[in-house]
Amino acid sequence: MKGKNTFTKSEIVELKQLINMRQNAPYDEQKRLRDRMRDIGFYGRDDWGIVDCHVCDLEDLINSGNIIVI
């Protein structure tokens, strides 16, 4: 695992915001947003196999217990 699987509530809120921003961002800005997600410790593709991450993907990881929110 490149990232982590335990996040604070505030990190989850920030990740959701970044995911939403990335969905609407031009391609050249998406990399910067993904880098910010990685700075938090979320590696969607490497750790979870998610190619086009949506908020529902993050919520599925939380609901399944793969990601723990503290």
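## What buried means here

A residue counts as buried when its relative accessible area is under 20%, and as exposed when that value is over 50%. The model described in this report is predicted. V55 has a relative accessibility of 17%, so V55 counts as buried. This residue is found in helix α4.

## The chain as a whole

The protein chain contains four helices and two strands. Read from the N terminus, the elements follow the order β-α-α-α-α-β, with the helices standing between the two strands.

A compact globule of 70 residues would have a radius of gyration near 11 Å, and the protein chain agrees with this because its own value is 11 Å. Along the principal axes, the C-alpha atoms fill a box of roughly 30 × 20 × 20 Å.

Of the 70 residues, 33% count as buried. Contacts can also be sorted by how far apart the partners are in sequence. Taking those in which the partners are at least 6 residues apart, 64% join residues at least 24 apart.

## Surface and charge

The protein chain exposes about 4,400 Å². Carbon and sulfur atoms supply 47% of that area.

The chain carries 11 positive and 12 negative charges. The mean position of the positive charges and that of the negative charges are 2 Å apart.

## Helix α4

Helix α4 covers residues 55–63, and V55, L58 and L61 are buried in it. These three residues lie on the same side of α4, because the arc they cover around the axis is only 120 degrees. The spacing has a general background: an α-helix has 3.6 residues a turn, so residues three or four places apart point the same way.

The cover over the buried residues of α4 includes α1 (9–24) and α3 (44–48). After α4 comes G65, which has a positive phi, near 90 degrees.

V55 shows this packing at the level of one residue. Leaving out residues up to four places away in sequence, V55 touches K16, I19 and N20. One of these partners, N20, is 35 residues from V55 in sequence, while the two C-alpha atoms are 7.1 Å apart in space.

## The loop before α4

C53 lies in the loop between α3 and α4. Is C53 buried or exposed? Its relative accessible area is 6%, so C53 is buried.

Residues up to four places away in sequence are again left out of the contacts. On that basis C53 touches I19, R22, Q23 and F42. R22 is 31 residues from C53 along the chain, and their C-alpha atoms are separated by 9.0 Å. I19 appears in the contacts of C53 and also in those of V55.

## Near the N terminus

K2 lies in the segment before β1 (6–7). Its relative accessibility is 57%, and therefore K2 counts as exposed.

Which residues does K2 contact, leaving aside its neighbours within four places in sequence? They are Y43, D46 and D47. Helix α3 covers residues 44–48, and D46 and D47 carry numbers inside that range. Y27 offers another distance: K2 and Y27 are 25 residues apart in sequence, and their C-alpha atoms are 24 Å apart in space.

Conventions:
Residues numbered from 1 in each chain as written. Predicted model: local features only at pLDDT ≥ 70, side-chain atom pairs only at ≥ 80, totals over all residues. Heavy atoms only, no water. Rg over C-alpha atoms; globule rule 2.2 N^0.38 Å. Buried < 20%, exposed > 50% of the residue type's maximum accessible area, 1.4 Å probe, protein only. Contact = heavy atoms within 4.5 Å. Areas by Shrake-Rupley, 256 points an atom, 1.4 Å probe, with all protein chains shown as cover. Lys, Arg positive; Asp, Glu negative; His and termini not counted. Charge placed at Lys NZ, Arg CZ, Asp CG, Glu CD. Arc of directions from axis to C-beta.
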